[in-house]
Amino acid sequence: MNEDMTELARLGWVDPPLPGVLDAAREVLWSAVAAEMLATAPPDGTRAPGKAAAGQTAETPISQPRRDDPGA
Amino acid sequence: METDGALIERSARGRPDAFVEVVQRHEVAVYGFLARRAGRQAADDLLGEVWARAFAGRAGFDPVHPDARPWLYGIARNVLRAHWRAARAADQLPGRLAEDPWDDVIDRLDSAAAARARELVGAVRALPAEEREVLLLVAWEQLTPAQAAAALGIPQGTARSRLHRARAALRPVLAQTAGEDS
């Protein structure tokens, strides 16, 4: 990093987050993950994770157009 | 090690739990992005929202990119904008430019550092917002100009020219503070 960026970077220093903060945020993610896994799991639970059921459309084709503005 | 792109693609192809590793890799960085711009308390509140939006939108991530940080910062930026809009609507920031992180920056500094930094902060504050955004993504988040462009959804050439203008504008102030050191 150039000297001017180093000087500026010092202004952006923040204390690391407390562990509880990261854990709480991960809980939000885990809720979404669990909801999706439950929604796609077969009723009898016999299908292995990662295997799409016949006719399932959860996968996103590689050729799908990408968004320019993430998270919009 | 599996790239972020590979993990995100796998998470979109029937293994949603693969996304957790992406979060674990970048959670401190994304927290810092939020805290630098909105303060630690807001970062505490908003980090989970970033993960929820990222997970919901992961099919839109191009897995050719090995590093997910620019994409995650783009999402975090949108989360911050929504947060600031809500704060303005609730009139929680009277008399203050809601998207201005610099009061928090100065508050974090001790008095000696603040005296030295105030002039630099003033110069950065005076930059056009679009130049300041690119500059801070490079200086604070250590993105390349190309990654900053991806985070902001702008062409790489635009990001580079904005960064060039911002650095040129800051050069006199930085030269002055460097002179005070010697």
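Before comparing two helices, I note that an axis here is a line fitted to C-alpha atoms, for helices over the stretch in contact, and that angles run from 0 to 180 degrees between N-to-C directions. The model I am reading is a predicted one.

**Entry 1: the two α2 helices.** I looked up helix α2 of chain A, residues 19-40, and helix α2 of chain B, residues 19-38, and found that their axes come within 11 Å and cross at roughly 160°. Since angles over 145 degrees count as roughly antiparallel, I wrote down α2(A) as roughly antiparallel to α2(B). The crossing in which α2(A) passes α2(B) is right-handed.

**Entry 2: the residues that meet there.** From α2(A) I listed L22(A), A25(A), R26(A), L29(A) and V33(A), which meet F19(B), V20(B), V23(B) and E27(B) of α2(B). Sorted by class, this contact has seven nonpolar residues, two charged ones and no polar ones.

**Entry 3: the wider contact between the chains.** I then turned to the chains as wholes, where 35 residues of chain A are in contact with 46 residues of chain B. On the side of chain A that touches chain B, the elements giving two or more residues are α1 (3-11) and α2, and α2(A) gives the most, with eleven residues. By class, that side of chain A has 21 nonpolar, four polar and ten charged residues.

**Entry 4: one alanine in chain B.** Is A123(B), a residue of helix α6 (residues 111-125) of chain B, buried, exposed or partly exposed? I put it down as partly exposed, because it has 19 C-beta neighbours inside 10 Å, whereas a buried residue needs 20 or more. Leaving aside neighbours within four places in sequence, A123(B) is in contact with A169(B), L170(B) and V173(B). The C-alpha atoms of A123(B) and V173(B) are separated by 7.3 Å, although these residues are 50 apart along the chain.

Technical notes. Residues are numbered from 1 along each chain as its sequence is written. Chains are lettered from A and ligands numbered from 1 in the order in which they are written. This is a predicted model: local features need pLDDT of at least 70, side-chain atom pairs count only at pLDDT 80 or more; totals for chains, interfaces and linings use all residues. Helices (H or I, at least four residues) and strands (E, at least two) are DSSP runs, numbered from the N terminus. Angles under 35 degrees count as roughly parallel, over 145 as roughly antiparallel, 65 to 115 as roughly perpendicular and the rest as oblique. A crossing is left-handed if the near helix is turned anticlockwise from the far one by less than a right angle, and right-handed if clockwise. Two residues are in contact if their C-beta atoms, placed from the backbone, lie within 7 Å. Ala, Val, Leu, Ile, Met, Phe, Trp, Tyr, Cys and Pro count as nonpolar, Asp, Glu, Lys and Arg as charged, and the others, Gly among them, as polar. A residue is buried if 20 or more other C-beta atoms lie within 10 Å of its own, exposed if 12 or fewer, and partly exposed in between; C-beta atoms are placed from the backbone.
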